[in-house]
Amino acid sequence: MARLPRYYSPMTQVILVGFVCFLCPGMFNALNGMGGGGQMDRTTGNNANTALYCTFIVFGILGGSIVNLCGVRWTIAASGLTYALYSGSYIYLNHTGNGAFTIAAGAILGIGAGILWAAQGMIMVSYPREEEKGRYIAIFWIIFNLGGMLGGILPFAINYHSAKDSLSDGVYIAFVVLECLGALLGLALAPPSKVVRDDGASVVLVKYTSAGKEAAEIAKLFLNPLMLALLPMCFTSNFFYSYQFGPVNASIFNIRTRGFNNIFYWGAQMVGAYALSFLLDNPRMTRKKRGLIAFGIVAVFFNVIWGATLKMQHKYTHGPLPNGEPTDYPGGLIDFLDHKRAAGPIILYMLYGVGDALYQNFAYWIIGSLTNDSQKLSRYAGFYKGIQSLGATVAWQLDAKNVSYLNQLIGNWVLLVISLPPMFYVVYTLKDRSEEVAPDSNIFNEKMDMLPTEASASTVYRPAEVIG
């Protein structure tokens, strides 16, 4: 019988952070996937997302340094509570129609999300050995997107017999409870200094940092040629959410079918991540070859689904409007029980989930292939999420300003094409081994006899002898 992972093993820690994201960002994704936070009028939801991603830009980039200075447990736990605040704000919106609190909660969530994702990225890509990174990313992605699936089941079940165009209070209350549980689960994470592999080797050595050093290292990110080359990839990686969730899911499907679609959208993400992991960790190919094949899959897949979307987009120009005007999609809003009309659009929406998983898992794999230094990786992950949020800010505001659906689709497609050449360049320059981190003898010899705190332990690097 297979032995269960130890609590202090890298796998256990990645599984734990996966369940934190299952309960916090996973529920947020499910709510966002309903279009407009599950409201008939998407204006408040779009503006809340704009506020969210504006603060996410800043705290995504700063997040890695905040985690390096403060540690992973309390930063993740506190960040998780901001997701509960955001979901709870929609209960207030349901009863007052005043969107100010929801927009403010979105801005607060951007702070928490930036820090949480920086910590998550550091754990996911720095704890495993090099030959295991694809598998660890896939395991996290599968657990995380189970949250989106559950979050799709809740509104589907609760609103199954409802004729309302907005989610009920019961759905939002369920989200708040689950997100609070996720925040508490963050406290169960082990300090990185205590994480040990099955062979007894510690995955990290202590490396101390300061606010001044972290500020200097953040500035250097914008001078790093590889990070600059990945800017279009980062910017594009969440840009498509506003189009997929609003002009598609919220515009041509009724409320219960939007929840139904999200079950398959997030479920398809698990399939995409799991399938890609076999390629990214294939020991029979060089890292560059694996990367180039994955690049080809991502490029072809996304161009195909955008081509299919273009054909569908020509059938309509808008969804249900606040003044009561219905969607101009042929035949009106689609219900999943109308099999003849529903099959094609639902399958296409499911393929969006596969594409998202392929793109983002590949992006994390590229970032994880650049170094094994967890201090750097926490900053790289924060940089990725910060620039990603800049793209999302622009995208959500495009929908809030009622930019035509066709132009939103074209913008998504153009950004994808722009992101591919520099992504190819970075993949082509990858080496079979990431940079190795040699101990700084002065710091190391001075501090070896000191018991690290969680904060110092989270600012760590992996010694050369344990690099895969």
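**Exercise 1.** What is the place of I173? Then sort out how much I173 is covered, and which surface feature I173 joins.

*Solution.* Keep in mind that this is a predicted model. Start with the location: I173 sits in helix 7. Next, the cover: its relative accessibility is 44%, and partly exposed means the range between 20% and 50%, so I173 counts as partly exposed. Last, the company: I173 is in a nonpolar surface patch with W74, V177, L181, L184 and L187, and together they have about 610 Å² of accessible area. Helix 7, covering residues 169-185, gives the most to that patch, with four residues.

**Exercise 2.** Work out what the salt bridge between R379 and E214 ties together.

*Solution.* First, the pairing: the side chains of R379 and E214 meet in a salt bridge at 2.9 Å, N to O. Now look up the helices: R379 lies in helix 15 (residues 374-400) and E214 in helix 8 (residues 211-221), so the pair links parts that are 165 residues apart in sequence. And the cover? R379 and E214 are both buried.

**Exercise 3.** Turn to K220 and E217: how are they placed in helix 8, and is each one buried or partly exposed?

*Solution.* K220 and E217 form a salt bridge, with their closest N and O atoms 3.4 Å apart. They are three residues apart in helix 8, so about one helical turn separates them. K220, at 48% relative accessibility, is partly exposed, while E217, at 18%, is buried. Elsewhere, R129, E131, E132 and R135 are joined into one network by salt bridges that share partners.

Technical notes: Residues numbered from 1 in each chain as written. Predicted model: local features only at pLDDT ≥ 70, side-chain atom pairs only at ≥ 80, totals over all residues. Heavy atoms only, no water. Patch = residues over 30% accessible without salt bridge, like charges linked within 9 Å, V, L, I, M, F, W, Y side chains within 5 Å. Areas by Shrake-Rupley, 256 points an atom, 1.4 Å probe, with all protein chains shown as cover. Salt bridge = Lys/Arg side-chain N within 4 Å of Asp/Glu carboxyl O. Helix = DSSP H or I, 4+ residues; strand = E, 2+ residues; numbered from the N terminus. Buried < 20%, exposed > 50% of the residue type's maximum accessible area, 1.4 Å probe, protein only.
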